[in-house]
Amino acid sequence: MRKPFIAGNWKMNTSHQAAKSLASGLVDQIGNVTTVDMAVCPPFVYLQLVAKALGSSNIAFGAQDVYFERNGAFTGEISAEMLKDICCTYVIVGHSERRHVIGETDELINKKLSAAINGGLLPILCVGELHEEREAGKTDEVVVNQLKKGLAGICKERVQAVTIAYEPVWAIGTGKTATSDQAQEVHAMIRKLLAEMYDESIAQELRIQYGGSAKPSNTAELMACPDVDGLLVGGASLKVEDFSAMIKTVE
Ligand code: PGA
């Protein structure tokens, strides 16, 4: 059985104070939950204060990005080793905003994913189609391509560290959630692909999150899909009540 995994992606939001109260608020509400894996991904600069606020609760923390080199002259970048050094557990790789706003390629994402695994982090690899790609009937093609390129060279033993997040770009931050049928269809396709790329037991074991306007009101429906194993939550993860409500629904 795959344990549900709900992660909050805070993106470029919060402040020192807001990050601290959000983390402490979550600890109060859901810090003891054991039946759901939980994580929050604050901006780099707030990672350590959030870690402190999370304390020994069951909520883990992750970063929103990582660079693929270990150290050296890479101004502005953060390595997997640095993240591990501050006891970070997860890292988001290939988020659609990094692909489409910052311009990251599948090749760069693959290097980051590989470096994250090598550095002992658990990466969340995001994939998903644009609105026009869905309209053109290219959803599967786009997602397959992102997965094949993103996971290139990652062997069976290493891929077990990975969570996949299917995030249709048209649903991110738009309030337009994919229907549970749309989500299930793509998740099932991804699991089939994982069985082809690796084997059936890896495909059954890897968790596939859905992301894109996930909120308390649609959590139960999305999580009822057999191949939806969790959620990557943006906007709703910035409110203690909303994120806690989602965790409690899944619990
Ligand atoms: P959203 O973002 O929940 O605000 O749509 C999801 C994400 O980008 O991971």
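1. **Ligand shell.** In this predicted model, 13 residues surround the ligand, with K11, H95, E167, G173 and S213 the closest (a residue is near if one of its heavy atoms lies within 4 Å of the molecule). By class the shell has four nonpolar, seven polar and two charged residues; here Ala, Val, Leu, Ile, Met, Phe, Trp, Tyr, Cys and Pro count as nonpolar, Asp, Glu, Lys and Arg as charged, and the others, Gly among them, as polar.

2. **Ground rules.** The model is predicted, so to speak, with filters: local features need pLDDT of at least 70 and side-chain atom pairs count only at pLDDT 80 or more, while totals for chains, interfaces and linings use all residues. Numbering runs from 1 along each chain as its sequence is written, and side-chain values use heavy atoms, leaving out hydrogens and water.

3. **Backbone contacts.** Oxygen atoms of the ligand lie 2.6 Å from a polar backbone atom of G173, 2.7 Å from one of S213 and 2.8 Å from one of G234. A polar contact here is a pair of N or O atoms within 3.5 Å. Taken alone the ligand exposes 280 Å², and the protein buries 95% of that (Shrake-Rupley method, 1.4 Å probe).

4. **The ligand's pocket.** Which pocket holds the ligand? The ligand sits in the second largest one, meaning that more than half of its atoms lie within 2 Å of the pocket's grid points. A pocket is an open set of points on a 1 Å grid over the protein atoms alone, where a 1.4 Å probe fits, with protein on both sides within 12 Å along at least five of seven lines; lining residues have an atom within 4 Å of a point. The volume of this second largest pocket is about 200 Å³. Its lining numbers 17 residues, with G173, S213, A214, G234 and G235 closest to the centre.

5. **The largest pocket.** This one has a volume of about 380 Å³ and a lining of 14 residues, K11, M12, Q64, R98 and I102 being nearest its centre. Helix α4 (residues 96-102) gives the largest share, four residues.

Terms used:
A polar contact is a pair of N or O atoms within 3.5 Å; within protein, one must be able to donate a hydrogen and the other to accept it, and residues adjacent in sequence count only if both atoms are side-chain atoms. Grid points are joined across faces, edges and corners, and a volume is the space filled by probe spheres set on the points. Helices (H or I, at least four residues) and strands (E, at least two) are DSSP runs, numbered from the N terminus.
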